[in-house]
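I set out to record how two helices pack against each other, and then how two chains meet. My entries follow the structure below.

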Amino acid sequence: MSTLITWLRDPNPASRMQSRLGQSYLSWLRLRRNALAMIGLTISLALIFIAIFAPILAPHDPITQELSRRLLPPGTPGNVLGTDDFGRDILSRILYGSRITLYIVMLVILTAPVVGLIIGTVAGYFGGWVDTVLMRITDIFLAFPKLILALALVAVLGPGMVNAVLAIALTSWPPYARVARAETLTVRNSDYIAAVKLQGAGPIRIIWGHVIPMCLPSVIIRVTLDMAGVILTAAGLGFLGLGVQPPLPEWGLMISAGRKFLFEQWWVATMPGLAIFIVSLGFNLLGDGLRDVLDPKSASK
Amino acid sequence: MTSIPSPSSRVLPLLRQIGGTVVTLFVTFLGLLMVTFFISNVIPVDPVLSILGERATEAQMDEARERLGLNEPLWKQFGIYVNNTLHGDLGTSVRTREPVLEEVAQRFPATLELATLATILGVLLGVPAGVIAATKPGSFFDQSTRLIGLMGYSMPVFWLGLMGLLLFYGQLEWVGGPGRLDALYQMSYDFEINQYTGMILLDTALNNRWDMFANAFSHIILPAGILAYISMAYISRMTRSFMMNELGQEYITTARVKGMPERRVIWVHALKNVMVPLITVIALSYAYLLEGAVLTETIFAWPGLGSYITDALMVADMPAVLGGTVVVGIAYIGLNMLSDLLYRLVDPRARV
């Protein structure tokens with residue numbers, strides 16, 4: 001263990017990998033000092049853990065109805081968080097719901113940042129009319145109210161999880177394009193790019209191998225900070241009945257189902273909302289901490 | 001050698017910038033319409049069928065298609081669409097058969113009232129919180145505003161609304177429930193009062209009906225407070241970072257060295273310069289609230305633009321959905337541009 005740490009902290013790294021891992025280790029040490037960020041990291045890891053092991057952790061089936069046990073309050077033996085109007089265990093539904101949430105978040109962060117990264121780096125690298133056209137398109141999408149555009153898109157495409165993901169991804173790529181373009185402009189004229197160019201590398205190779213890696217840190221920070229937003233938008237679409245469809249245990253959908261008896265059986269709407277809140281807060285805390293570590297410029301002094 | 005610039009050389013660049021802004025505005029507006037047009041043409045529903053119903057004859061259908069311009073090539077249809085929108089024709093609601101523009105105009109004041117009150121509350125709470133946090137970075141106050149702000153970013157606004165109703169309406173009975181007024185007052189608002197603005201707080205005040213004002217206030221305060229919390233989270237965070245930046249400047253040190261009271265240094269000298277970028281932030285959060293009102297309005301049965309769009313969505317009334325989207329989009333673009341212009345007017349450095 002200690003040899004590994006000495007290897008990581010070696011001031012004269014022997015290989016590129018050693019230097020990169022060493023840098024990551026130092027960032028990790030800085031992140032570890034930030035208590036709030038560590039809480040965020042724990043929550044995020046817990047979400048992944050729960051999503052993977054939901055069938056083992058959940059005491060009941062999330063879909064099977066048991067009408068004799070409907071609307072039981074929290075604390076009932078066997079139903080720690082109570083049951084909903086179909087007698088389904090709320091805790092089990094929340095645990096299974098983490099899978100849907102994680103699935104939506106993964107799909108969005110695998111598409112939107114990639115699209116934004118490509119558009120932003122191409123615009124920044126080529127400049128000129130390419131830049132003008134691409135950035136104008138980006139601005140148009142930025143000028144759109146996000147949630148309403150997503151609503152209109154889902155209304156046309158039809159409700160459902162995949163369409164919700166598509167709508168969220170289509171509305172969330174522009175900020176990534178902006179960030180990537182700004183980063184590209186700062187490295188475009190640097191000497192090492194000129195050197196690669198002189199060696200005969202084409203634009204695709206330069207952008208892929210030398211520009212995109214420089215943009216990654218800022219994009220990753222944005223992704224972490226955006227994840228909470230993605231969760232909230234997905235829950236909002238689910239709440240309006242435009243996202244994941246019943247009887248799947250999506251958290252927004254569960255809140256909307258509990259709305260009918262909010263004043264009599266408060267727990268049905270409250271519990272899934274708490275789950276959304278905890279998970280989003282986790283991502284926000286982690287993103288905030290990561291930004292302070294990876295981007296010293298914006299660190300709170 | 002610096003020559004004194006003549007007034008015209010100072011005005012011209014500004015004019016050119018305003019001209020550029022207007023062009024950008026128009027291009028963005030066209031882009032907005034292109035997106036909504038694209039959306040409305042992707043729908044697999046035949047608009048003629050939804051207007052005439054299923055019993056129409058083939059001849060009637062053809063006639064309607066001709067009248068709606070559906071036989072024209074797509075680019076020409078887009079031209080017609082842009083032209084109609086510019087003339088205020090947003091189509092006819094399938095559900096009510098009323099012009100969408102009229103319905104939207106009826107609903108808009110409710111949303112405007114809600115978003116405006118929320119922004120005012122958000123600024124009144126967020127700016128001082130951000131300034132105080134910046135003067136004592138790392139303090140308990142700083143940490144707690146940061147955490148409270150992050151919590152605001154992490155809560156689904158519709159859930160927060162439900163919880164607010166549960167606590168302040170259901171349990172404590174401190175506020176009025178869903179809707180803009182109690183049923184009784186709603187009747188007298190509809191029939192007895194001069195509706196100057198459509199914003200109930202203003203109308204009742206102008207009519208000297210303070211009892212009704214109090215009732216309206218008890219209804220608006222919860223949804224406005226919830227939206228204000230979310231905009232406060234954003235405003236206080238931005239204020240803090242602008243203020244931190246400003247307090248490191250040399251003129252602040254000079255002012256302190258001169259012996260100026262710290263309170264004056266912070267709240268007069270530094271805050272004045274912070275106000276410039278803050279205008280942009282406030283305009284952005286205002287635009288965001290116009291949109292954030294969508295989910296809040298459905299919770300509070302608030303008869304604004306947001307609930308208009310979601311109600312129309314439920315019955316697949318696409319002209320209403322897209323018309324509402326275009327109006328919110330225009331308000332959004334307008335506020336963005338306005339903040340941009342204000343920024344240039346207020347900050348001389350941005351004029352170059």
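Entry one. I looked up helix α12 (residues 262-299) of chain B and helix α14 (residues 318-346) of chain B, which pack at an angle of about 175°, their axes 9 Å apart. Helices are DSSP runs (H or I, at least four residues), numbered from the N terminus. Axes are lines fitted to C-alpha atoms over the stretch in contact, and angles run from 0 to 180 degrees between N-to-C directions. The angle therefore makes α12(B) roughly antiparallel to α14(B) (over 145 degrees).

Entry two. This is a predicted model: local features need pLDDT of at least 70, side-chain atom pairs count only at pLDDT 80 or more, and totals for chains, interfaces and linings use all residues. Residues are numbered from 1 along each chain as its sequence is written, and chains are lettered from A and ligands numbered from 1 in the order in which they are written.

Entry three. I noted that 37 residues of chain B are in contact with 37 residues of chain A, contact meaning C-beta atoms, placed from the backbone, within 7 Å. On the side of chain B that touches chain A, α14(B) gives the most, with 8 residues. By class, that side has 28 nonpolar, 8 polar and 1 charged residues. Ala, Val, Leu, Ile, Met, Phe, Trp, Tyr, Cys and Pro count as nonpolar, Asp, Glu, Lys and Arg as charged, and the others, Gly among them, as polar.

Entry four. I checked confidence: chain B has a mean pLDDT (the predictor's confidence in each residue, from 0 to 100) of 82. The model scores ipTM 0.85 and pTM 0.85.

Note on methods. Helix = DSSP H or I, 4+ residues; strand = E, 2+ residues; numbered from the N terminus. Parallel < 35°, antiparallel > 145°, perpendicular 65-115°, else oblique. Contact = placed C-beta atoms within 7 Å.
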